[in-house]
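Thanks for coming, everyone. I'd like to walk you through one structure today, a piece at a time, so have it open in front of you.

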Amino acid sequence: MIKTEHLGKRYDTLVAVDDVSFEVRPGEVLGFLGPNGAGKTTTMRMLAGFVTPSSGRASICGHDVEQDTLAAKGCLGYLPEGAPGYGEMTVRSFLEFIVQLRHLGAAARARLDYVIGRLQLQSVLEQSIETLSKGFRRRVGLAQAIVHDPPVLILDEPTDGLDPNQKHEVRTLINEMSRDKIIVISTHILEEVDAVCTRAIIIARGRIVADASPQGLAAKSRYHNAVSMRLERPEQLAQMRSAVAALPAVAEVEVSERESRLTALPRAGATILPAVSELAARQGLSLKELHLESGRLDEVFRTITV
């Protein structure tokens, strides 16, 4: 388990992290979200034992990060921001060096082969790290974080710099590993929260402002249970907008003329899909699309971090 209790970090007059407490248990993938400068990376560095807290405490698998540092780090795989490495070393020599540091013994070769294959590093094994693209550096950083098969992973922007195919591969890997690990990832990509996270914490100005499942956060959106439709005939938008806006349970109607799209937002606690669908049928509309929205994480994020 990861546990933080009233964790704080102050730099002179700047409070980077302020009274942060949470727990993460095996099987959870926690998304750590927040605007730039919110305290995400500082919190992750304190968890990983690379920054000393000004107040509070943190533990990894029962080991206090400050008092029992080596034992805590032994349970941990950490991918820091920027994935720093030894630029003059080849990918192969760097990973072999990490394996030696982790004292993997007889398991070393199998684990090396696994991470090299899983992260598709075969083509750059003899290339120096300083010559790698940003995406390959990120993959090498992730390889060193998982090579010893730790029970806890802390990954700062794990898909930063990756192309869409590589992002898909890394997200698949995170989902596979989450079955028996604790995983904390920071990300600016909200679709990644939906793709891999079972829980999300949003931090702003150093403090936790939300802690819920992605679905729970989406339910806070004004678009939760909104109905969105695209019309075959754009000239019907104005007529349909007036008709939908007149429904008692509809709070607001948004129109995108470019997409021929109409979005009806419900009043608090209301369900409007049946009424909107029935109205569209009565009006004889030809629809390209009709769907019920679960909510928009980006709108929730903006609302609670401003």
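**A walk from strand β7 outwards**

Let's start with β7 and strand β8, residues 182-186: the two run parallel, with 5 bridges joining them. If you want one position to click on, find V152, which stands opposite I182 in β8. Before I go on, keep in mind that this is a predicted model.

What about the other neighbour? Strand β6, residues 76-79, also runs parallel to β7, and 4 bridges join that pair. Here the position to look for is L79, whose bridge partner in β7 is L155.

So how many residues of β7 are buried? The strand covers residues 152-156, and 5 of its 5 residues are buried. Colour by side and you'll see V152, I154 and D156 on one face, with L153 and L155 on the other, and both faces are covered. Yes, there's an aspartate in that list: D156 is buried along with the others.

Now follow the chain out of β7. Together with helix α6, residues 164-177, and β8, it makes a right-handed β-α-β unit.

Let's stop in α6, because I like one of its arginines. R171 sits in this helix. Is R171 buried or exposed? It counts as buried, because its relative accessibility is 13%, and the cut-off for buried is under 20%. Its side chain makes a polar contact with the side chain of E191, at 3.2 Å. Leaving aside residues up to four places away in sequence, R171 touches I189, E191, E192, A195 and V196.

That brings us to helix α7, residues 190-196, which also turns up in the next bit. The buried residues of α11 pack against α7, and against β3, β9 and α8 as well. Helix α11 itself spans residues 297-305, and its buried residues are L297, E299, V300, F301 and T305.

Okay, over to the other sheet I wanted to show. This one is open, has 4 strands with antiparallel pairing, and goes in the order β2-β1-β4-β5. β2 (14-24) and β5 (63-64) are at the edges with a single partner strand each, so each has one side without a neighbour in the sheet. Further in, β1, residues 2-11, runs antiparallel to β4, residues 55-60, and 5 bridges join them. E5 is a handy marker there, since R57 is its bridge partner in β4. Lying across β1, β2 and β4 is helix α1, residues 40-47, and it runs at about 120 degrees to β1.

Last stop, the aromatics. There are 4 aromatic pairs in the structure. One of them is F22 with F32, a tilted pair with 5.9 Å centre to centre and 45 degrees between the planes. F22 is in β2 and F32 in β3, so this pair ties together parts that are 10 residues apart in sequence. Both F22 and F32 are buried.

Then there's Y86 with F97, which is edge-to-face: 5.9 Å centre to centre, 80 degrees between the planes. Y86 is in the loop between β6 and α3, while F97 is in helix α3 itself, so parts 11 residues apart in sequence are tied together. Y86 counts as partly exposed at 44% relative accessibility, and F97 is partly exposed too, at 29%. Add F94, and you have a cluster of Y86, F94 and F97 linked by ring pairs.

That's my tour. Happy to take questions.

Technical notes: Residues are numbered from 1 along each chain as its sequence is written. This is a predicted model: local features need pLDDT of at least 70, side-chain atom pairs count only at pLDDT 80 or more; totals for chains, interfaces and linings use all residues. Side-chain values use heavy atoms; hydrogens and water are left out. Buried means under 20% relative accessible area, exposed over 50%, partly exposed in between (1.4 Å probe, protein chains only). Two strands pair if DSSP finds at least two bridges between them. A crossover is right-handed if, with the strands pointing away from the viewer, the path from the first strand over the helix to the second runs clockwise. Contact means heavy atoms within 4.5 Å. Axes are lines fitted to C-alpha atoms, for helices over the stretch in contact, and angles run from 0 to 180 degrees between N-to-C directions. A polar contact is a pair of N or O atoms within 3.5 Å; within protein, one must be able to donate a hydrogen and the other to accept it, and residues adjacent in sequence count only if both atoms are side-chain atoms. Rings of Phe, Tyr and Trp (its six-membered ring) pair if their centres lie within 6.5 Å; planes under 30 degrees apart count as stacked, over 60 as edge-to-face and the rest as tilted.
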